Amino acid sequence: MPWYTDFFTELPNTFWRAAVPIEHTTSEIDFLMSLPGDHVLDVACGSGRHALELAARGRRVTGVDVSAEAVDHATREASRRGLDAVFTVGDMRALPETTADTAICMGNAFGYLDHDETIGFLNGLTVRTLVLDYGFVAESFLPGVTLEEEPMTIGGVTAEQVNEYDVTGGRWLTHFTFTRGEEVHRGTSVQHVYTAAEVRRMVAGAGFTTIDLYAGPDGAPYEIGSGRLILVARRDG
């Protein structure tokens, strides 16, 4: 089974729900709202950080994530806030049929799959517009990479991590231990590292004809050393 199928339980989800400052989410939603499409498919939506705010601004949203705990959290939030958002437990490798005209894959989930599965994910998308947010692109990630990281406590959960880089496979592996009191959750995340050109070629191979690369939601052009890659792709016609 893929590593992510049992990784995102309540402890890591609680950690990441508290980890991203609200101003980061706001700037990302501002960027996404500038793109066309009334119905958005949020792939690997997690606890709904983007999907809920898009729905709050009038978009119709379908969120898909492998974590039942995250989907339950997002569903409760959508109901509490009266938002037009539907969340479903599902795998990136077999997305449900949808009428969405825009798909987003934010927060590094693009790098979760093996290479052939990543190609299958892209080829299976029928949307007109695609947005990928990817911090493990080689030109961003490798120049300042370090294996040592200090433990972090966020949202009452402490995360310790031991990193390694698989050179032959182009994979960044992080062995996590999440703790909260007596509760412990361990798991290893796997991120596949691609160059920006490789990502662009894969997206073009899936039938997207106009592809723009940005360094962030402010629309700055992507270049070596940028902190992340935001790719926006469109199909002509």
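Let me start with a term: a contact means heavy atoms within 4.5 Å. With that in hand, residues 24 or more positions apart account for 62% of the contacts in this protein with a separation of 6 or more.

Before going further, a word on what you are looking at. This is a predicted model, in which local features need pLDDT of at least 70 and side-chain atom pairs count only at pLDDT 80 or more, while totals for chains, interfaces and linings use all residues. Residues are numbered from 1 along each chain as its sequence is written, and side-chain values use heavy atoms, with hydrogens and water left out.

Now the overall picture. The protein has 7 helices and 11 strands; these are DSSP runs numbered from the N terminus, with helices being H or I of at least four residues and strands being E of at least two. Along the principal axes, the C-alpha atoms fill a box of roughly 55 × 45 × 35 Å. The radius of gyration is 17 Å, which agrees with the value near 18 Å for a compact globule of 237 residues. That radius is taken over C-alpha atoms, and the globule rule is 2.2 Å times the number of residues to the power 0.38.

What about the surface? The accessible surface comes to about 11100 Å², and 51% of it belongs to carbon and sulfur atoms. These areas come from the Shrake-Rupley method with a 1.4 Å probe, and for residues only the protein chains shown count as cover. Buried residues make up 48% of the 237, where buried means under 20% relative accessible area, exposed means over 50%, and partly exposed is in between (1.4 Å probe, protein chains only).

Let's visit some residues, beginning with Gln161 in strand β7, residues 157-166. Is Gln161 buried or exposed? Gln161 counts as buried because its relative accessible area is 13%. Its side chain makes a polar contact of 2.9 Å with the side chain of Glu149. By polar contact I mean a pair of N or O atoms within 3.5 Å; within protein, one must be able to donate a hydrogen and the other to accept it, and residues adjacent in sequence count only if both atoms are side-chain atoms. Leaving aside neighbours within four places in sequence, Gln161 also touches Met152, Thr174, His175 and Phe176, among others.

Next comes His185, in strand β9, residues 183-192. His185 is buried too, because its relative accessibility is 13%. Which backbone oxygen does the His185 side chain reach? The partner is Phe7, at 2.9 Å. Beyond four places in sequence, the contacts of His185 include Asp6, Thr9, Leu11 and Pro12, as well as Phe176 and Phe178.

For a contrast, look at Met1, in the segment before α1 (10-17). Met1 is exposed, because its relative accessible area is 86%. Its C-alpha atom is 34 Å from that of Ile224, 223 residues along the chain.

Finally, the loops. Between β4 (102-105) and α5 (115-123) you will find Asn108, which has a positive phi of about 75 degrees although it is not a glycine. Gly107 is found in the loop between β4 and α5 as well, and is partly exposed because its relative accessible area is 41%. Outside four places in sequence, Gly107 is in contact with Tyr112 and Asp133. Ala44, in the loop between β1 (39-43) and α3 (49-56), is not a glycine and has a positive phi of about 60 degrees.
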